[in-house]
Each structure stands twice: as C-alpha cells, then as structure tokens.
Amino acid sequence: MITIKRDLFRKIVKIIKSYDEIVIARHIGPDPDAIASQIALRDSIKATFPHKKVYAVGAGVHKFKYLGNLDKVELTELKNALLIVLDVPNFARIDGIEDLEYQAILKIDHHPAEDIIGNVDWTDDTKSSTCEMITELLLDTKLVLDTKIAEDLYIGIVFDSDRFLLQNTSLETFNIIYRLLNATHINFVSLYDNLYERSIAEEKFRAYLTNNIEISKNGFGFINVDNTALEKYHVEITAVSNHVNDFYFIKELICWMFVVYDEKNAIFKVNIRSRGPIVNEIASKYNGGGHKYASGARVKDLKDITKLREDLDRACENYYSEQNN
Ligand code: AMP
C-alpha cells in the first residue's frame, strides 16, 4: 500500500477513534451502494469499538431491508458527534441529519467533489462505488470485516458497477473483490437473488419502456413515463429508475433520459445514462448532478424537461461529430 493511502487510512481510523458518537449518513433516494456502505461501516465500527454509539440514518427502503436495519435516533441529544458522509458530494442531498449538530465530518465518496469537504476527506471519482472504498478501508485497517459486512459490501460494488460493466470498473475493483472474497469466503452467488429478483409485472414494464422509448437521429433516447403506465403494469414509481441501466449496449443509443412525474412531491424525477457525452455538467444546470456518465435530476417545470432533453440531444450530436472528425 502506498504511503499516501496508508496516511489517509491512519487519519480515517484516528478520527473514528476520537468520537464516541458517530452518525453515518448518505444521499436521499438511496441505492444499494449508499445503504450497504452505510450499514457495513456502522457494523464494522460497532464490532471494532463496542462502546461507541454508531447510527446509520436516513429513510429506509423496504426492498433493501436485506442489507440490514437503519437506526432511529433522537439526533438533538447527540452533543459531540462525528458525522460520516458516504456516497454523496453535496449537503443538499444528505438524508436525515437536519437535527444534528456535528463536530467534524469524515467524508468517503466516489462522486466528483462538490460542497462537502470533510475534516478527513477521501473523495475519488475514479472508484466504482463507495462500497469499493469501504472494502479497501476495512481490508487495510484493523476495522472489523465479518461475513455480513462483506456480503453487503459485495452487493454494493456489484450494484454500482452494474456487474462490472460500467466505466469506473478497474483493475483495482477486481483486486478489491479478490481480496474481499479471499478474506471472507462469502457465498457471493447466493446474494444475487436479493439484488436481481423481480416480478413478471416489472419485467413487462421493462418491455413497455423498450417499446416506447423515442430515439433521435443523434442516438439520444427519451421517455416520459405516464403515470397510467405505472398503474397498468402495477409498478411503483421507482420501477423507472430500476430499469435505466438495462439500456446500456443498445447499438442505437449513446445517451438516454427517463422521466417520471412524482405526484406526491410535485416533481419530475429524471435518470440519465450515457456511453458517449459527459452528462453530469448538463444535469447540474437542472437541479441535478451525479457521475460523468450516470446522472439524475429533480425538475419542477415541464419546460425544463424539454430544455434538458434538447441539451442532451445536442450533446449527443456534438459527440458524434467529434468522433467522426
Ligand atoms: P440515478 O439516476 O437516480 O440512479 O442517479 C445517478 C447518479 O446521479 C447517482 O450518483 C446520484 O447520486 C446522482 N443524482 C441523482 N439525482 C441527483 C440530483 N437531483 N442531484 C445531484 N445528483 C443526483
């Protein structure tokens, strides 16, 4: 392990050791990488330092319950807490810490840096997932790594790299996976049921998306999912984002945008994926952001949906002309 990384890990363990109250948070609308990294690190710190009070906070998601439980805690009662922020680069998208007065921040994240800067900060947007980073941390320090923690971390890495298909999957990702499996001997094949099992209704809904996506001459795909389609296929609003990664490797698509209207919050939820143009800078103009090739946005006005769609289509056009010159 190179010295810089060793120093960083020493600092991370030191700041964890310095606090007896620790709150671990991640982004709103969490995915398995966000929740698994949070629960795995909480369980590891608790197993390593049994006297510490460690809480994983934020809204739970029923279908990710298998990763473990989140904590309900009166945050106003914590007077000397370390806040650990995982898998989120900006304060506006941290879930569940409104009532917390923290003393310091430890940040570990694989998104491009935004406004959160940790007192100890490990931000690396070349990593496949936050779980890959937590795995490395646990493998290379005295923080406990047991079977359940290893299973959660494995799921987080597989989910966020989309089964090692996406851009940030690296030699290092495979090295970390090798070391994780070697150290813990988890039965990783048995974990895929939880991650990938779906109802036939959901599968039919995926076919609906395939049948209804509009593809421009520039290779840009767009679908605004009607709420009646959700009713017809008996699926929740989250089914839309569940399927956005299924559209990788379609020859005619280099970038695609899914939209669904969230009636409860009166907002359009947008998922964007690309294997051509960089999309996070475009998404950030529309109350969004994320990774270079995988972004999201929350848009109030339908007119902005149209503008975002046009911007992305233009980015595809420019990408094509750059490739052909
Ligand atoms: P999603 O399409 O929801 O899976 O999100 C893809 C990536 O974009 C993830 O890294 C999210 O954290 C990020 N993201 C999603 N929505 C937003 C938003 N409104 N603002 C900033 N980043 C977002």
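Two strands are taken to pair if DSSP finds at least two bridges between them. By this criterion, strand 1 and strand 3 pair in the parallel sense, over 5 bridges. The views below show a predicted model.

**Figure 1. The two domains of the protein chain and their contact.** The domain assignment divides the chain into domain 1 (2–194) and domain 2 (200–323). Between the C-alpha centres of domain 1 and domain 2 the separation is 28 Å. Domain 1 contributes 5 residues to the contact, and domain 2 contributes 6 residues. On the side of domain 1 that touches domain 2, 2 residues are nonpolar, 2 are polar and 1 is charged.

**Figure 2. The open parallel sheet formed by 5 strands.** The strands of this sheet follow the order 2-1-3-4-5, with parallel pairing. Strand 2 (53–56) and strand 5 (120–123) are the edge strands, each of which pairs on one side only. On average, and with direction ignored, neighbouring strands of the sheet are turned by 20° against each other. In general, the strands of a sheet pair through backbone hydrogen bonds, either parallel or antiparallel.

**Figure 3. Strand 3 and its bridges to strand 1 and strand 4.** In strand 3, Leu-82 is the bridge partner of Ile-22. Strand 3 and strand 4 run parallel and are joined by 6 bridges; Val-85 stands opposite Lys-107 in strand 4. Ala-81, Leu-83 and Val-85 point one way from strand 3, while Leu-82, Ile-84 and Leu-86 point the other way, and all are buried. Such an arrangement follows a general pattern: in a regular strand the side chains alternate between the two faces of the sheet. Because 6 of the 6 residues of strand 3 are buried, this strand is largely enclosed by the rest of the structure.

**Figure 4. Strand 5 and its pairing with strand 4.** Strand 4 (residues 102–109) pairs with strand 5 in the parallel sense over 4 bridges. Trp-122 in strand 5 is the bridge partner of Ile-108. Helix 3 (residues 130–140) packs on the sheet, where it touches strand 3, strand 4 and strand 5. The direction of helix 3 makes about 105° with that of strand 4.

**Figure 5. Helix 2 on the sheet.** Helix 2 (residues 32–48) lies across strand 1 (21–25), strand 2 and strand 3 (81–86). Relative to strand 2, helix 2 runs at about 170°.

**Figure 6. The surroundings of Phe-220 in strand 7.** Phe-220 belongs to strand 7, which covers residues 220–225. A residue is buried if 20 or more other C-beta atoms lie within 10 Å of its own; Phe-220 has 26 within 10 Å and is therefore buried. Neighbours within four places in sequence aside, Phe-220 is in contact with Cys-255, Trp-256, Leu-312, Asp-313 and Cys-316. Although Phe-220 and Leu-312 are 92 residues apart in sequence, their C-alpha atoms are 7.3 Å apart in space.

**Figure 7. The shell of 16 residues around the ligand.** Among these residues, Asn-271, Gly-288, Gly-289, Gly-290 and Gly-296 come nearest to the ligand. The elements giving two or more residues to the shell are strand 10 (288–290) and strand 11 (294–299). Strand 11 gives the most, with 5 residues. By class, the shell comprises 3 nonpolar, 11 polar and 2 charged residues. Domain 1 and domain 2 each supply at least three residues to this shell.

Definitions and conventions. Residues are numbered from 1 along each chain as its sequence is written. This is a predicted model: local features need pLDDT of at least 70, side-chain atom pairs count only at pLDDT 80 or more; totals for chains, interfaces and linings use all residues. A residue is near a molecule or strand if its C-beta atom, placed from the backbone, lies within 6 Å of it. Ala, Val, Leu, Ile, Met, Phe, Trp, Tyr, Cys and Pro count as nonpolar, Asp, Glu, Lys and Arg as charged, and the others, Gly among them, as polar. Domain bounds come from an automatic or database domain assignment. Axes are lines fitted to C-alpha atoms, for helices over the stretch in contact, and angles run from 0 to 180 degrees between N-to-C directions. Two residues are in contact if their C-beta atoms, placed from the backbone, lie within 7 Å. A residue is buried if 20 or more other C-beta atoms lie within 10 Å of its own, exposed if 12 or fewer, and partly exposed in between; C-beta atoms are placed from the backbone.
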